[in-house]
2 protein chains.
Amino acid sequence: MASPKTPPPLLYADSENSADALYFGRVGVPDAFVALQSGKKKYAVVSALEFGRVKRTSAFDVVLPLEAYVKKARATWPQRKAGPAEVIYLLARELKQSRFTVPEDFPAGVYEQLYELGLDLVIADGPLFPGRENKTPAEAAAIREGNRCSAAGIAAAERVLRESKIKGHRLIYQGRPLTSERLKFAIELACLEAGGASLNTIAAGGDQACDPHDRGTGPLRAHELIIVDVFPRIAATGFHGDMTRTFLRGRASDAQRALVAAVRAAQLAALHAVRAGVNGRTVHGKVVEVFTARGYETKQTPRGSVGFFHGTGHGLGLDIHEPPRMNGTLDRLLKKNSVVTVEPGLYYPGLGGCRIEDVVQVTSGKPTMLSRYHYNWELR
Amino acid sequence: MASPKTPPPLLYADSENSADALYFGRVGVPDAFVALQSGKKKYAVVSALEFGRVKRTSAFDVVLPLEAYVKKARATWPQRKAGPAEVIYLLARELKQSRFTVPEDFPAGVYEQLYELGLDLVIADGPLFPGRENKTPAEAAAIREGNRCSAAGIAAAERVLRESKIKGHRLIYQGRPLTSERLKFAIELACLEAGGASLNTIAAGGDQACDPHDRGTGPLRAHELIIVDVFPRIAATGFHGDMTRTFLRGRASDAQRALVAAVRAAQLAALHAVRAGVNGRTVHGKVVEVFTARGYETKQTPRGSVGFFHGTGHGLGLDIHEPPRMNGTLDRLLKKNSVVTVEPGLYYPGLGGCRIEDVVQVTSGKPTMLSRYHYNWELR
């Protein structure tokens, strides 16, 4: 927002779903509300339900009562609904500010109505707040805390797997078959204790793990690869952790060992390449190189893709997935202080899936690890 | 979407944040994806990462690979980004479908680009899927399950409060001061065990509880009203519960007893009024009547509002807040089978806050309770 030509930001969103709204106002508001900047001041228009809290705890300089603006809108346009567009228009007129920048995900309904009312809205080409990518030390610490929470979840999974008894190909935990659901419960409980909420936790084994977004259901088996991917949100800050480890309880085959070794080698190659000024595509290419050199082919089959068919990493912060992305199609240079996951994976039904994911902050040299958990995976 | 004049729906959203996307496709997709209808068929365009799972488990009739459409977009427009608008345009052209209805919260960026490309988009005036308000028996059961989860959380809170020792005005639980944070942890753990995730749980006492969206921090005190509001999402269905009880550990004053009695009387009056064809504003009016008759005044003060300053209820389903709303400003008749919360509250700093919330399904007679928990609140 630094350029004098860029109009100031305007948002209509809640801060649960919109990381931009949370970043801008630094306060949790569960329903969509109007937030905008004019001059150097940040304005919010909220209902009586939020007023006191937002006034007390947010980054907004001016907090205005929604009810007063709705009343004014009713008086101004007796024929119109007194909705967010009308409220925004009235406030903009008071502030003598007729141009705003809105994010790409600004609601089209409000956008269209503001156009009719005569406001001049520019849709941001890319992030509304490019500064979100540049993580401050406090933000990096919040992400590290998120990964401490992820690691607590992964440790709980490892503990449950180690405590499970092997009976043939079955895993028995505390007298009953170990399932993905029971493993996820142990993980999510550990995350809750660590101050975060882990939703959509992945604890998937065997062929299920070959679908990287399959969260896992039913019995987990011995001697099979089990992917554990934990991405909690820390309640206090809104920042996330995102880590993955792959375990196997029992005895691994040579093919499983080679697969895991390839993924870890690919991760190390990628981590070695991450640096300010490097193209995300180049980092992704390092992973592909390792897999190709070791004979792991990526291809589409009638039942889905096999091999390595997702990106190498994504930005992490107030959103789980945010810029910058590192994959085979985007051309974009990594910036200093941005935070990315590095998470190569290989997936072959029959053999199994493996993904290893850590989080780093980009520097002009070696990246700073923001996640920490060991890489021992074969739990005999 | 039944009217022949309404163009078919088009969405670009993920199904974590967009209940419409989840309702339409009945599958969890964590990143925004293209979903639309043409004729009687539902189409989705998803990446390799989601393809197999969406094909196997969703309500989509046709699942198409994103990568193929991105490739086609690059070939068609070498100068443009190959983004969602281009993908939608190419698919629409294949289907010979140039008009769609989009939800009010459709992303303005994609909306604007599709306009430039020449698609004719109508923004829904109200919900994209009005059918979401009409809860089927299975959906009502899923909401009942959500409230079973809420009740498990509230029961955990009651247990902790009962087990806490009273030392003067302090509450000591397991040897340490009981805090909002510890109470929320007990609630959220119970919700997790019951199959749901409770985020932003409210466990606030004293003057904190007078701000209805304050989640509560620090020590909870004896002889003070403590509001416990639990609104988990059930992982398996995406549906929510939403219940509130107000407790007091210790001895209540006459003024506290009168306050709680007024809120419960107001809730019963509102529940008595809920019926298909009744205006939501009328239901809200019943609550106001009870409070007025008992001398509870609502007004704005420099530090925020006091009295009863939120709506009486809101629709509940895949979203925590969805139509219909029941408050003092909206004029809207309740429809049969819709599901609403009924949650009057009174808030007076110094005395305390009280809110009691249950969930009902609207019928042509007495509403069906979809939540269940006792109303004993004074825990001596």
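In chain A, 62% of the contacts with a separation of 6 or more are between residues 24 or more positions apart. The model is predicted.

**Chain A overall**

Chain A contains nine helices and 24 strands. Its C-alpha atoms fill a box of roughly 75 × 45 × 40 Å along the principal axes. Of the 380 residues in chain A, 57% are buried. The exposed area of chain A is about 16,100 Å², and carbon and sulfur atoms supply 53% of that area. Chain A carries 50 positive and 39 negative charges, and the mean positions of the two sets are 4 Å apart.

**Strand β11 and its partner**

Strand β11 of chain A covers residues 202-205. Which way do its residues point? A:Ile202 and A:Ala204 point one way, whereas A:Ala203 and A:Gly205 point the other way. All four of these residues are buried. In a regular strand, side chains alternate between the two faces of the sheet.

Strand β12 of chain A, residues 225-230, runs antiparallel to β11(A) and is joined to it by four bridges. Within this pair, A:Ala204 stands opposite A:Ile227. In chain B, β11(B) and β12(B), the latter again residues 225-230, also pair in the antiparallel sense over four bridges. There B:Ala204 stands opposite B:Ile227.

The β11-β12 pairing in each chain is set out below.

| Strand pair | Sense | Bridges |
|---|---|---|
| β11(A) and β12(A) | antiparallel | four |
| β11(B) and β12(B) | antiparallel | four |

**The sheet in chain B**

The β11-β12 pair of chain B belongs to an open sheet of four strands, in the order β11-β12-β14-β24, with mixed pairing. Which strands of this sheet stand at the edges? They are β11 (202-205) and β24 (378-379) of chain B. Each of these has a single partner strand, so one side of each is left without a neighbour in the sheet.

**Relation of the two chains**

Two copies of a chain are related by a rotation about an axis and a shift along it. Here, a turn of 180° with a shift of 0.0 Å along the axis lays chain B on chain A with an RMSD of 0.0 Å. This is the relation of a two-fold axis. Which C-alpha of chain B is nearest the axis? It is that of B:Ala108, at 2.2 Å from the axis.

The interface follows the same relation between copies: 100% of the interface residues of chain B are also interface residues in chain A, so the copies meet through the same surface.

How values were computed:
Residues are numbered from 1 along each chain as its sequence is written. Chains are lettered from A and ligands numbered from 1 in the order in which they are written. This is a predicted model: local features need pLDDT of at least 70, side-chain atom pairs count only at pLDDT 80 or more; totals for chains, interfaces and linings use all residues. Side-chain values use heavy atoms; hydrogens and water are left out. Helices (H or I, at least four residues) and strands (E, at least two) are DSSP runs, numbered from the N terminus. Buried means under 20% relative accessible area, exposed over 50%, partly exposed in between (1.4 Å probe, protein chains only). Contact means heavy atoms within 4.5 Å. Accessible areas come from the Shrake-Rupley method with a 1.4 Å probe; for residues, only the protein chains shown count as cover. Lys and Arg count as positive and Asp and Glu as negative; His and the chain ends are not counted. The place of a charge is taken as NZ of Lys, CZ of Arg, CG of Asp or CD of Glu. Two strands pair if DSSP finds at least two bridges between them. Copies are superposed by least squares on the C-alpha atoms of residues with pLDDT of at least 70 in both.
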